[in-house]
Amino acid sequence: MGTAPFQVGGIVEPPYFVGREDELRALAADARTLAQNLLILGARRHGKSSLLHNLKRALAEEKSLVVPYVNCLEVTSYGDLHRAMVDALIEEYAKVHRLSGWVEMLRALGKEGILAALRRVDEIGGSVGEVGRIYLRFREREVDERELLRAGFAFFRTFAKEKRVRVLFLLDEFQETASLNGYLFQLLKQEIDRTPDVRYIFSGSSVRMLTSIFLKEDAPLYLMVARHTMEPLGEVDVVAFVRERLGTAGLSISEDVARLLHRRSGGIPFYVQKLGLLVAQEAALAKRKRISESHVAHAFARMLEELEGEFEVRWVSRLSPQQRAIVRQVAQAGSARLSEVAKRMGVSAPAISSAMRRLKDMMILQSDDAGAYSVTDVVFGAWLARQ
């Protein structure tokens with residue numbers, strides 16, 4: 001088929017990035033003025049990382065705005081966080097201003113002997129040299145993690161002033177920092193209050209953890225961020241995208257069948273791409289140019305088979321026996337109220353109410369305005385319903 005009509009997994013850019021144009025414009029408008037800090041909430045596979053990546057691309061021409069990206073999945077300590085944020089800021093600035101010496105210094109700090117490393121930071125000087133010296137003191141155990149973290153945030157503030165730039169940190173999967181103690185969040189509150197030239201966009205997929213950080217009244221960062229929730233892609237966007245991408249492979253699909261593909265994928269970007277690719281393969285193998293409902297059905301069955309190992313791990317490792325029983329009943333019902341789930345399980349509603357709330361916090365379940373629960377990941381739900 002030549003160039004693949006769909007891209008499955010990883011960060012996507014146009015033409016594979018679709019249906020988020022309005023969100024992207026709103027985020028970029030905020031970012032250009034550093035109007036506010038933002039929290040982006042979204043379930044797994046809704047494209048949070050791709051949204052942040054395309055935001056960076058949209059801001060590339062803003063030479064006075066530095067946009068470092070940090071994936072907090074790689075952060076297990078304050079030392080990790082300091083290194084990740086400092087490295088991302090310096091590398092992003094150095095990339096635009098062609099300052100390779102700074103990047104070389106960063107790479108050498110954890111490897112070179114203390115005297116050689118000190119010579120490097122002394123040659124660079126300024127705020128960059130100072131933050132390098134602090135890191136070396138941490139490496140030599142002359143300062144602790146808290147002092148290192150304070151020095152890192154002081155560096156962001158000083159660097160912005162020294163280089164006459166504004167800084168927008170993109171902190172992806174920020175819920176991972178909840179495993180650290182709360183000192184980070186107290187420090188962030190202080191910095192957000194007094195540093196208007198440094199702003200943050202936090203993203204994550206755990207409502208419970210992010211609520212404890214940002215949305216509880218006694219949380220240090222309460223009311224310090226605006227909240228944006230990423231929803232699945234709409235039917236109109238998915239139908240247009242699927243028809244256009246299949247067209248690049250010389251394939252056609254009716255609007256009704258494209259709507260079916262939207263329903264089976266739930267509008268979740270990863271599944272739209274995956275199911276679209278499998279549908280194209282089904283048609284190619286059958287030597288058909290027109291996508292039919294049977295192609296979608298066969299492709300969906302293949303997708304469930306391919307994802308079965310991942311779903312099994314999610315099912316066993318993330319959920320308790322009671323949670324598994326609840327999710328299975330919801331998946332088999334398609335949609336059910338708390339009382340209906342309890343009845344199907346043969347227990348009282350109060351016996352499972354806290355577990356239902358927890359599953360919603362984990363973004364495993366979602367509820368509508370009428371109080372009916374459904375499985376957030378519709379493909380995972382379909383797999384469960386078949387078990």
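Which residue forms a salt bridge with arginine 57, and how far apart are the closest N and O atoms? The partner is glutamate 13, and the gap between those closest atoms comes to 3.6 Å. Keep in mind that this is a predicted model.

**Salt bridges**

The arginine 57 pair ties together distant parts of the chain: arginine 57 sits in helix α2 (residues 48–58), while glutamate 13 belongs to the segment before α1 (21–33), and 44 residues separate the two. Arginine 57 has a relative accessible area of 42%, so it counts as partly exposed. Glutamate 13 lands in the partly exposed class too, because its relative accessible area is 32%.

That's one pair; the full tally is 26 salt bridges. Side chains of opposite charge can pair when their charged atoms come close. Here are three pairs with their N to O distances.

| Pair | N to O distance |
|---|---|
| Arginine 57 and glutamate 13 | 3.6 Å |
| Glutamate 23 and arginine 20 | 3.1 Å |
| Arginine 243 and glutamate 255 | 3.7 Å |

Take the middle row: are glutamate 23 and arginine 20 buried or exposed? Both are buried.

Now for the last row, arginine 243 with glutamate 255. This pair also links distant parts of the chain, with arginine 243 in helix α10 (residues 235–248) and glutamate 255 in helix α11 (residues 255–265), 12 residues apart. Arginine 243 is partly exposed because its relative accessibility is 37%, and glutamate 255, at 38%, is partly exposed as well. Elsewhere, salt bridges with shared partners knit Arg44, Arg45, Glu310, Arg314 and Asp377 into one network.

**Pockets**

Rolling a probe the size of a water molecule over the atoms shows where empty space is left. In this model, the largest pocket holds about 1,000 Å³. Its lining has 46 residues, and the closest to the centre are Ala43, Arg44, Arg45, Lys48 and Glu173. Two of those names should ring a bell: Arg44 and Arg45 are also in the salt-bridge network.

Which element gives the most to the lining of the largest pocket? That's α12, with 4 residues. At least two lining residues come from each of α2, β3 (69–71) and α12 (269–285). As for chemistry, the lining of the largest pocket splits into 21 nonpolar, 14 polar and 11 charged residues.

Next comes the second largest pocket, with a volume of about 420 Å³. Its 22 lining residues include Val207, Thr229, Glu231, Met363 and Gln366, which lie nearest the centre. Here α9 (207–215), β6 (226–229), α16 (349–361) and β9 (365–367) each chip in at least two residues. The breakdown for this second lining is 10 nonpolar, 8 polar and 4 charged.

**Strand β1 and its neighbours**

In a regular strand the side chains alternate between the two faces of the sheet. In β1 (residues 38–41), Leu38 and Ile40 are on one side and Leu39 and Leu41 on the other. All four are buried, leaving both faces of the strand covered.

Which strands does β1 pair with? One is β5 (residues 198–204), which runs parallel to β1 and is joined to it by 4 bridges. In that pairing, isoleucine 40 stands opposite serine 203. The other one to look at is β6, again paired with β1 in the parallel sense over 4 bridges. Leucine 41 has threonine 229 of β6 as its bridge partner, and Thr229 turns up among the residues nearest the centre of the second largest pocket.

How values were computed:
Residues numbered from 1 in each chain as written. Predicted model: local features only at pLDDT ≥ 70, side-chain atom pairs only at ≥ 80, totals over all residues. Heavy atoms only, no water. Salt bridge = Lys/Arg side-chain N within 4 Å of Asp/Glu carboxyl O. Buried < 20%, exposed > 50% of the residue type's maximum accessible area, 1.4 Å probe, protein only. 1 Å grid on protein atoms, 1.4 Å probe; cavity = no way out; pocket = protein on both sides within 12 Å on 5 of 7 lines; lining within 4 Å. Points joined across faces, edges and corners; volume = space filled by probe spheres on them. Nonpolar A, V, L, I, M, F, W, Y, C, P; charged D, E, K, R; others polar. Pairing = 2+ DSSP bridges.
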